[in-house]
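Work through the three exercises below with the sequence and the model open. Each task is followed by its solution in steps.

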Amino acid sequence: MTYARAALAESAGDTDELLDALPGPQERSPRQRDRAAAALDATRTLRAAFMDAHTDAVYDELTAGRTRRPRLAELAEAAATAFPGLVPTADRLKAERALPQAGKEGHEIDQGIFFSRVLRSSQAGPHLIDTLLTPTPRALALLAEFSRTGTADLGSVRLDRDAGVARLTMCRDDCLNAEDNQQIDDMETAVDLALLDTGTEVCLLRGGEMTHPRYRGRRVFSAGINLKSLHGGGISLVDFLLRRELGYLHKILRGIRVEDGAGWRGTMAEKPWVAVVDTFAIGGGAQLLFVFDHVLAASDAFLSLPAAKEGIIPGASALRLSRAAGTRLSRQVILEGRRIRAAEPAARLLVDEVHESDELDLAVERSVERLRGPAVVANRRMLNLAEEPVDVFRLYMAEFALQQALRLYSSDVLDKVGRFSAARPASPR
């Protein structure tokens with residue numbers, strides 16, 4: 001591996017020198033664009049070949065033989081230091097974050113290559129998946145206070161425990177709960193706290209009341225990805241797109257890894273989850289529903305996955321929606337952008353109950369009570385294991401890591417986010 005390591009560092013260094021000498025991506029001539037693309041492609045070919053040959057050795061070095069558990073961003077930063085040229089350095093990524101999406105070089109694609117190979121490995125991949133099911137340091141620091149008071153204001157998410165129910169309220173009232181990097185951190189923290197809290201039996205997720213002019217005073221579940229942040233370059237592959245799927249969504253489905261002193265019993269803390277859709281669940285909001293045990297919706301609500309229109313991939317929806325709704329409806333929703341209204345028959349494949357808005361609160365409380373049974377957790381574990389084995393999810397995410405990175409920097413996406421600058425950021429699409 002020593003020779004290959006040196007060759008990769010040399011090739012990456014040459015490419016970086018070339019890119020630094022050229023104007024920014026938007027100011028380059030056609031000939032300069034071709035030179036940059038050829039250099040990037042050659043180095044990425046070398047990166048992919050290096051990882052294909054040495055993934056397990058690389059991962060073992062970065063994790064001290066899988067005895068350490070760095071999270072995604074920490075692992076990428078360690079790889080940049082230990083294997084120059086393998087992934088972008090923290091400084092290079094910081095410089096790119098200051099640019100709008102259309103002005104970036106696309107160094108996150110190199111992270112996509114790296115994580116796709118790590119997740120694909122039958123040795124490194126399971127260790128990383130397992131690592132990302134552990135509590136975050138932020139949640140551990142807040143746990144004692146939440147356990148004592150039953151409340152936590154995390155910024156974009158509020159968490160309140162009442163009579164054994166942890167109620168997570170998404171409260172980005174200015175942008176219809178459109179997600180950005182910060183909300184991903186807040187959501188994972190809230191999910192961790194709810195799962196770790198011994199006083200919680202059932203978890204409930206709902207959108208709060210909005211101040212957005214079009215929906216003022218109404219509850220809204222989620223408008224999906226924050227398109228304003230995407231245009232401005234603030235949506236990252238690692239801290240948003242990968243962390244979201246491998247972090248709090250996977251924890252809702254699978255539970256959180258804890259040390260209970262009796263490993264033979266299992267080391268996962270799980271709770272049943274209920275979601276309530278008021279008004280709409282768009283994009284990432286709809287993706288959330290596929291990992292919940294019970295979903296209720298207001299009769300005037302709708303669901304949609306406009307990712308293909310936006311040029312990106314809707315997380316693990318291709319894995320989960322087709323299982324729930326079948327291939328034909330899944331293609332209509334994902335490829336053609338079909339909206340599913342809660343009142344139409346097709347919604348019964350995605351939503352358990354539909355109620356008029358003034359009846360929804362009582363229906364929510366009834367659903368929570370039904371999920372308090374002592375055998376619910378064990379049975380949901382077996383259902384989730386049968387429906388989505390961990391290795392199936394891992395291999396899906398390996399391909400997702402690369403394909404989503406490529407989509408972020410494809411010409412059609414860069415054109416779309418450029419045009420979006422004049423549009424209102426969080427209007428339903």
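**Exercise 1: Disulfides**

The count of disulfides in this predicted model comes to zero. Task: explain why Cys171 is in no disulfide.

Step 1. A disulfide is a covalent bond between the sulfur atoms of two cysteines.

Step 2. The cut-off for the pair of sulfur atoms is 2.5 Å.

Step 3. The cysteine sulfur closest to that of Cys171 belongs to Cys175 and lies 10 Å away, which is too far for a bond. Cys175 is likewise in no disulfide, as its nearest cysteine sulfur is that of Cys171, 10 Å away.

Step 4. Both residues can also be checked for burial, which means under 20% relative accessible area. Cys171 has 18% and is buried; Cys175, at 6%, is buried too.

**Exercise 2: Helix α5**

Task: find how many residues of α5 are buried, and what they pack against.

Step 1. Helix α5 covers residues 108-120, which is 13 residues. From first C-alpha to last it reaches 18 Å, close to the expected 18 Å.

Step 2. Twelve of the 13 residues are buried, among them Ile109, Phe114, Phe115 and Leu119.

Step 3. These buried residues pack against α2, α3, α4, α6, α10 and α17.

**Exercise 3: Cavities**

Task: describe the lining of each cavity of 30 Å³ or more.

Step 1. There are two such cavities. The largest holds about 170 Å³, and the second largest about 50 Å³.

Step 2. The largest is lined by 20 residues, with Ile225, Phe240, Gly284, Gln287 and Ile312 closest to its centre. α10 gives the most to this lining, four residues.

Step 3. That lining divides into nine nonpolar, six polar and five charged residues. For the second largest cavity, the division is eight nonpolar, one polar and one charged.

Definitions and conventions
Residues numbered from 1 in each chain as written. Predicted model: local features only at pLDDT ≥ 70, side-chain atom pairs only at ≥ 80, totals over all residues. Heavy atoms only, no water. Buried < 20%, exposed > 50% of the residue type's maximum accessible area, 1.4 Å probe, protein only. Helix = DSSP H or I, 4+ residues; strand = E, 2+ residues; numbered from the N terminus. Expected span 1.5 Å × (residues − 1). Contact = heavy atoms within 4.5 Å. 1 Å grid on protein atoms, 1.4 Å probe; cavity = no way out; pocket = protein on both sides within 12 Å on 5 of 7 lines; lining within 4 Å. Points joined across faces, edges and corners; volume = space filled by probe spheres on them. Nonpolar A, V, L, I, M, F, W, Y, C, P; charged D, E, K, R; others polar.
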